[in-house]
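Open the model in your viewer and keep the selection tool at hand. We will go stop by stop.

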Amino acid sequence: NAPMVLLRLCRDQDCVVPLVSRDIHVLPSVSVIQTVPAFGVVSGGSLIRVLGSGFVPDATTECLFGNVSAPAYVLSSEEVQCTLPVGTPGKVIVQLRRQGVIVSNSLAEFDYLPSMTLNAVEPRVISAEGGTVVSVTVQKYLNSSLLHYCRFNDVMTRFVIVNTSSGHCEAPAFQVDSVEFALSAGKFNDLVAPVTLTVHHPLFPIFLDPNVLVAGSEGVINV
């Protein structure tokens with residue numbers, strides 16, 4: 001439990017008969033050092049780790065991204081997790097609030113990234129064996145200071161930026177018939193609405209009859 005102090009509002013210095021006398025809870029301050037990751041898309045929804053010290057379990061704990069709050073889950077005295085709320089592009093300050101009071105005495109910056117629109121993804125059919133080079137063109141500027149990834153379902157591959165609006169990545173191998181594809185900043189921070197890519201499975205003959213032919217002859221091979 002938080003310690004308490006007695007607040008008295010007095011008419012004079014002696015305060016023999018206070019006008020108001022009330023017990024007030026004193027909440028200990030905490031330190032917020034950084035968020036992991038330090039960026040996310042404006043549509044929100046990604047899991048953000050807030051790292052620091054002095055965190056205590058409290059169901060009222062909230063993360064503040066600028067002026068927007070999100071419920072927080074205290075995992076330990078050094079880590080809090082919260083789901084990123086919807087924001088606007090740009091940097092905001094991250095703080096912690098308990099019982100409606102900001103308790104963090106240090107600040108961490110968080111960068112809201114703008115969502116993008118896919119202009120083109122080629123090809124829309126990738127090989128089940130992997131290795132297909134997928135080219136991506138977007139409508140907005142690609143930030144070269146961030147690591148970008150292509151997300152194929154839950155598999156991430158590095159995205160190579162060619163210029164400010166395009167780049168490419170290599171598809172991994174899959175045993176499914178289709179995959180969800182998106183361009184992400186960092187890992188699992190989708191910058192675009194996902195699209196579906198078809199996975200092509202090559203046909204392999206498993207039985208040939210006959211399996212021997214005489215040179216110069218004609219015949220029918222059953223597969």
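Select Arg-151 to begin. This residue sits in strand E15. The model is predicted, and every value on this tour is computed from it. Is Arg-151 buried or exposed? Its relative accessibility is 7%, so Arg-151 counts as buried, the cut-off being under 20%. Now show its side chain. A polar atom there lies 2.9 Å from the backbone oxygen of Asn-153. Look across to E16 as well: Met-156 stands opposite Arg-151.

Next, select the whole of strand E15, residues 148-152. How many of its residues are buried? Five of the five are, so the rest of the structure largely encloses E15. Colour the strand by face. In a regular strand, side chains alternate between the two faces of the sheet. In E15, His-148, Cys-150 and Phe-152 are on one side. Tyr-149 and Arg-151 are on the other. Every one of these residues is buried, and both faces of E15 are covered.

Now add the neighbours of E15. On one side of the pairing list is E16: the two strands run antiparallel and are joined by four bridges. Pick Tyr-149 to find one of the partners, Arg-158 in E16. Then follow the chain through the hairpin of E15 and E16. Two residues lie between the strands. Stop at Asn-153, where phi is positive, near 55°. Asn-153 is also the residue whose backbone oxygen lies 2.9 Å from the side chain of Arg-151.

Select E19, residues 178-185, for the other pairing. E19 and E15 are antiparallel too, with five bridges. His-148 of E15 has Ala-185 of E19 opposite.

Zoom out to the sheet. Which strands form it, and in what order? There are five, in the order E13-E20-E19-E15-E16, and the sheet is open with mixed pairing. Select the edges: E13 (125-127) and E16 (155-158). Each has a single partner strand, so one side of each is left without a neighbour in the sheet. From one strand to the next, the twist averages 35°.

Move to another set of strands. Select E3 (residues 31-36) and E5 (residues 47-53). They pair antiparallel over five bridges. Val-32 is a place to check the register: its bridge partner in E5 is Gly-52. Keep E5 and add E8, residues 79-83. This pair also runs antiparallel, joined by five bridges. Here Ile-48 faces Cys-82 of E8.

Now select Lys-91, in strand E9 (residues 90-98). At 56% relative accessibility, Lys-91 counts as exposed, the cut-off being over 50%. Add Phe-110, which is 19 residues away along the chain. The C-alpha atoms of Lys-91 and Phe-110 are 5.5 Å apart.

Last stop: the interior space. How many cavities of 30 Å³ or more does a search of the whole structure find? It finds one. The largest cavity has a volume of about 40 Å³. Select its lining: Val-30, Phe-55, Val-56, Thr-61, Val-74, Leu-96, Arg-98 and Val-103. Colour these residues by type. Six are nonpolar, one is polar and one is charged.

Notes. Residues are numbered from 1 along each chain as its sequence is written. This is a predicted model: local features need pLDDT of at least 70, side-chain atom pairs count only at pLDDT 80 or more; totals for chains, interfaces and linings use all residues. Side-chain values use heavy atoms; hydrogens and water are left out. Two strands pair if DSSP finds at least two bridges between them. Axes are lines fitted to C-alpha atoms, for helices over the stretch in contact, and angles run from 0 to 180 degrees between N-to-C directions. On a 1 Å grid over the protein atoms alone, a cavity is a set of points where a 1.4 Å probe fits but cannot get out, and a pocket is an open set with protein on both sides within 12 Å along at least five of seven lines; lining residues have an atom within 4 Å of a point. Grid points are joined across faces, edges and corners, and a volume is the space filled by probe spheres set on the points. Ala, Val, Leu, Ile, Met, Phe, Trp, Tyr, Cys and Pro count as nonpolar, Asp, Glu, Lys and Arg as charged, and the others, Gly among them, as polar. Buried means under 20% relative accessible area, exposed over 50%, partly exposed in between (1.4 Å probe, protein chains only). A polar contact is a pair of N or O atoms within 3.5 Å; within protein, one must be able to donate a hydrogen and the other to accept it, and residues adjacent in sequence count only if both atoms are side-chain atoms.
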